[in-house]
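Got a minute to walk through a protein model together? Let's put it up first.

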Amino acid sequence: MTAPARNGNGYRPAEGPASQQGMRRANLALVLGAVARLGATSRAQLAEATGLTRAAAGSLVSELIDAGLVQEHGVTLEGRVGRPSTVVSLNNRGPAGLGLEIGVEHLGACVIDLSAEVRTRIRVPAANRERDPRAVIEQLARVANSALAQAHELGLDPVGAVVAVPGLVGAASDTVLHAPNLGWHDVDLTGQLSSLLPGLPVEVENEANLGALAELRRGEVGRDFVHVSAEAGIGAALVVDGLLLRGRRGFAGELGHMPVYPDGLPCPCGSHGCLEQYAGEEAVLRNCGFQDAAGDRVAVLVDQAHAAHPAVRRALEQAGRALGIALAGVVNLVDPETVVLGGAYADLAGWLTPGMQTELGARVRIRPWEPAGLVVSGLRREGPVIGAATSVVQRVITDPAYLQERRERREQRV
Ligand SMILES: [Zn+2]
């Protein structure tokens with residue numbers, strides 16, 4: 001598929017000269033956005049919320065109903081004369097988003113509806129480290145097909161898929177350029193996966209960015225935050241005024257290689273004392289002697305930390321301090337509202353945060369560090385896959401006409 005125009009935070013309609021069609025497209029998005037924001041609402045309320053005339057709002061709502069994006073239900077009495085009016089809301093049996101995830105030790109999928117409700121989720125263990133990308137992608141397609149079948153049974157129609165990967169992604173959202181923990185270089189993920197999931201547009205995105213976007217949509221951590229997460233590596237994403245900061249080449253957020261102890265341990269990246277050598281999952285497991293643990297290694301750490309295993313507690317304390325040092329630099333640099341701990345860090349937060357708070361308190365100098373600024377993601381390890389599905393749905397909400405164009409193109413091909 002062609003890469004859509006991106007604004008660092010999802011998608012936006014193609015820009016062009018003002019035209020009647022462009023105006024209609026923008027107004028469809030305006031009305032659908034209002035339905036998403038307001039929940040069940042009448043046409044009159046939508047007219048008021050959008051500044052459109054009642055006739056215009058009514059006609060746009062009809063289009064959105066025909067497109068399956070909005071459903072009509074119930075009757076409300078409105079106005080002094082008690083004129084009956086039907087209420088509309090987002091269609092929870094219509095278009096949906098498929099989120100997919102390639103982890104080092106698992107594959108995942110979830111489907112969310114237009115209201116951002118998770119309707120189905122799948123997570124299967126899979127030893128993906130150094131595994132042939134083709135085999136990983138074939139298994140992911142099977143997981144995707146199971147999720148699609150479950151979605152169809154619920155009356156949902158996933159209109160696109162986004163794959164979360166622990167690595168750097170090319171600007172066209174199709175290639176995994178470098179995923180060191182998988183051992184992948186220049187893998188055409190969307191090309192290979194699309195051939196196994198015909199008719200479904202597929203894109204790929206860095207998992208840390210998707211975890212941050214999922215948090216942004218939930219709206220509980222503000223619009224200026226640093227989201228830091230770990231699975232095999234450490235991923236960070238910066239959200240500034242509600243927009244994801246991608247950097248010139250899209251590689252922003254490589255917090256794992258920020259030096260925290262410049263004369264410290266050598267890192268495979270060629271530097272010394274990188275954060276990942278102290279707070280990465282591998283490093284924590286190595287530091288407490290659990291490097292050979294199999295299966296869900298984060299769960300092993302959580303169990304042992306609960307059991308007060310001294311080496312595990314010590315390794316997590318050291319990881320927390322290293323995270324605090326690195327994040328103090330980020331906080332001083334960008335002055336976020338919150339620092340969000342996601343992914344495996346959310347599961348381990350109870351043992352990481354004391355050391356983090358100590359270092360943040362000692363090193364944040366732009367203003368007194370407020371401990372409440374460190375928050376734990378409620379999405380935990382599901383953040384990336386939910387963020388992936390959310391970005392599909394968000395695209396539909398911000399540009400409903402895109403869906404119609406896609407349908408027309410598909411019909412032309414048939
Ligand atoms: Zn490094």
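What follows is a chat about a predicted model, taking its sheet and its domains in turn.

Reader: Let's start with the carve-up. Which domain is built from two separate stretches, 96-210 + 383-413?

Author: The protein is divided into three domains. Domain 1 covers 5-90 and domain 3 covers 219-381. The stretches 96-210 + 383-413 belong to domain 2.

Reader: Now the open sheet of 5 strands. What order do the strands take?

Author: The pairing in this sheet is mixed. At the edges sit β6 (118-125) and β11 (202-206), each pairing on one side only. From one strand to the next, the twist averages 20°. Read across, the order is β6-β5-β4-β7-β11.

Reader: Zooming in on β4 and β5, which residue is the bridge partner of Gly-97?

Author: Strand β4 spans residues 95-102 and strand β5 spans residues 106-112. They pair in the antiparallel sense, over 6 bridges. The partner that β5 offers Gly-97 is Ile-112.

Reader: And the helices on that sheet: which helix touches β4, β5, β6, β7 and β11?

Author: Helix α5 (residues 189-196) lies across β4, β7 (157-165) and β11, and runs at about 140° to β11. The helix you're after covers residues 383-398, and its direction makes about 150° with that of β4. That one is α13.

Reader: On to the meeting of domain 2 and domain 3. How much area is buried between them?

Author: Their centres, taken over C-alpha atoms, are 26 Å apart. The contact takes 18 residues from domain 2 and 19 residues from domain 3. Carbon and sulfur atoms give 45% of the buried area. The total comes to about 1,500 Å².

Reader: Which residues in domain 2 lose the most area to domain 3?

Author: Look at the elements first: β8 (168-169), α6 (207-218) and α13 each supply at least two residues of the side of domain 2 that touches domain 3. The residues that lose the most make up, together, 32% of what that side buries. They are Leu-168, Ala-208 and Asn-209.

Reader: What about charges? Which residue forms a salt bridge with Glu-205?

Author: Between domain 2 and domain 3 the count is 3 salt bridges, and there are also 4 residue pairs in polar contact. For Glu-205, the closest N and O atoms of its salt bridge are 2.9 Å apart. Its partner is Arg-246.

Key: Residues are numbered from 1 along each chain as its sequence is written. This is a predicted model: local features need pLDDT of at least 70, side-chain atom pairs count only at pLDDT 80 or more; totals for chains, interfaces and linings use all residues. Side-chain values use heavy atoms; hydrogens and water are left out. Two strands pair if DSSP finds at least two bridges between them. Helices (H or I, at least four residues) and strands (E, at least two) are DSSP runs, numbered from the N terminus. Axes are lines fitted to C-alpha atoms, for helices over the stretch in contact, and angles run from 0 to 180 degrees between N-to-C directions. Contact means heavy atoms within 4.5 Å. Domain bounds come from an automatic or database domain assignment. Buried area is the accessible area (1.4 Å probe) that two parts lose on being put together, summed over both. A salt bridge is a side-chain nitrogen of Lys or Arg within 4 Å of a carboxyl oxygen of Asp or Glu. A polar contact is a pair of N or O atoms within 3.5 Å; within protein, one must be able to donate a hydrogen and the other to accept it, and residues adjacent in sequence count only if both atoms are side-chain atoms.
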